[in-house]
Amino acid sequence: MLATDLHGNIRDVNRAASSLLGASPATLIGQSLAVFVGRGHRRAFRSRLARLRAAGNDEVQEWQVQFQPRGREPVETALAISTVAAPGPGGKRLLCAIRDITRRKGIERRLKERERQYRSLYLQVLAHRDALRNLSARYLLAKEEEAKRIAHQLHDEAGQITTSIHLALAEIGRELPERNRERLRQVSTYVDEIEDRLRRLSHELRPTILDDLGLRPALEFLAEGFSARTGIPIRVEGKTDGRVDSLVETAIYRVVQEALTNIARHSSAGGASIRLRHVHDRLRCTIRDDGVGFAANRLRRGGKGASRAGGSGCSASGRGSTPSAVGSRSARLRARGRSSPSSFLWGAGHDLPGPPRR
Ligand SMILES: Nc1ncnc2c1ncn2[C@@H]1O[C@H](COP(=O)(O)OP(=O)(O)OP(=O)(O)O)[C@@H](O)[C@H]1O
Ligand SMILES: [Mg+2]
């Protein structure tokens, strides 16, 4: 504790305060308290004193003041200061209760520093995540472009060759007697079949229908081809609210493609369904089958398939789809994400198992 006159000259001081200021009570008496305030803070301290004097009220004020005892480290303090009446000339004193808060301030400083470091680390993580997203979006686009190129070549070149075969067969047919033409017609239907398969393959590689008509028609086309090949009927339900960004459409299409391949390979299902739901800016696609379901020992880590991340086509976003609970009687895979690629983040979470609705 110490007491000063209204100008801040020390009039009385106890032992604790004198030891904090680094001088004996005898040398402190009569000196200005401002002299012991840290260099950079003196002017502000003096103006505060002047304001207090001018206000003339006797409310207790709390100031944080840094004192600089001679030859010692600065001391951070909390100063409770109030104006009190005193006997004798001048009549008034400033009563100061000084508390050493150096440790607390040190901790506060370190905490702030940590917080600053964490904030900068967090910003770095966000920046890396965005960079990763951009990179994987670019990778997906490049992959799709490549698929488009191969699909077109497959479609156009194979189409030209099969047309040439048809023309050649027709020519040969004209030179053959009628009884041998039936065999030729048979060959012609095989060529038609090859053509059809190549066309479907080309569509699956890069479905132009996805670019031209959108997700739902492309999924229907995919499901149709799948059912024709495997004999497993697939229902396509739901729709999107208009066209969705092509990156998102492609990612969902690839997830479904991978899921259907899995159904054919692993599920022994008698039927399956693909359901689209568009709620606000979120698009959800659920693929279910009524087969054997996911088995813990068959789900392998790091598989490139749908169970891991919605298929490699979903790489724009990292993780993408979630299989239904392991051990359930049917398999359900869900992919969901925002329908605009600016925040293209797939959600994850288990879904309740159950057979597809009929
Ligand atoms: N519809 C399904 N029904 C039952 N099990 C499934 C189904 N889909 C996936 N699984 C299980 O999940 C496992 C992992 O699937 P994932 O697609 O990752 O790999 P994969 O199909 O075995 O190989 P690939 O990497 O060629 O796709 C499969 O091996 C299979 O045991
Ligand atoms: Mg697979």
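User: What does the secondary structure of the protein chain come to, and how are helices and strands defined?
Analyst: The protein chain has 9 helices and 10 strands, where helices (H or I, at least four residues) and strands (E, at least two) are DSSP runs, numbered from the N terminus. The model is predicted, and local features need pLDDT of at least 70, side-chain atom pairs count only at pLDDT 80 or more, while totals for chains, interfaces and linings use all residues. Residues are numbered from 1 along each chain as its sequence is written, and chains are lettered from A and ligands numbered from 1 in the order in which they are written.

User: Why is α7 called roughly parallel to α8?
Analyst: The axes of α7 (residues 215–230) and α8 (residues 246–267) come within 11 Å and cross at roughly 15°. Axes are lines fitted to C-alpha atoms, for helices over the stretch in contact, and angles run from 0 to 180 degrees between N-to-C directions. Angles under 35 degrees count as roughly parallel, over 145 as roughly antiparallel, 65 to 115 as roughly perpendicular and the rest as oblique, and therefore α7 is roughly parallel to α8.

User: What is the length of helix α3, set against the expected span?
Analyst: Helix α3 (residues 42–55) has 14 residues and reaches 20 Å from its first C-alpha to its last, close to the expected 20 Å, the expected span being 1.5 Å times one less than the number of residues. Just after α3, Gly56 takes a positive phi of about 65°.

User: What share of the protein chain counts as buried?
Analyst: Of its 358 residues, 27% are buried, meaning that 20 or more other C-beta atoms, placed from the backbone, lie within 10 Å of the residue's own (exposed: 12 or fewer; partly exposed: in between).
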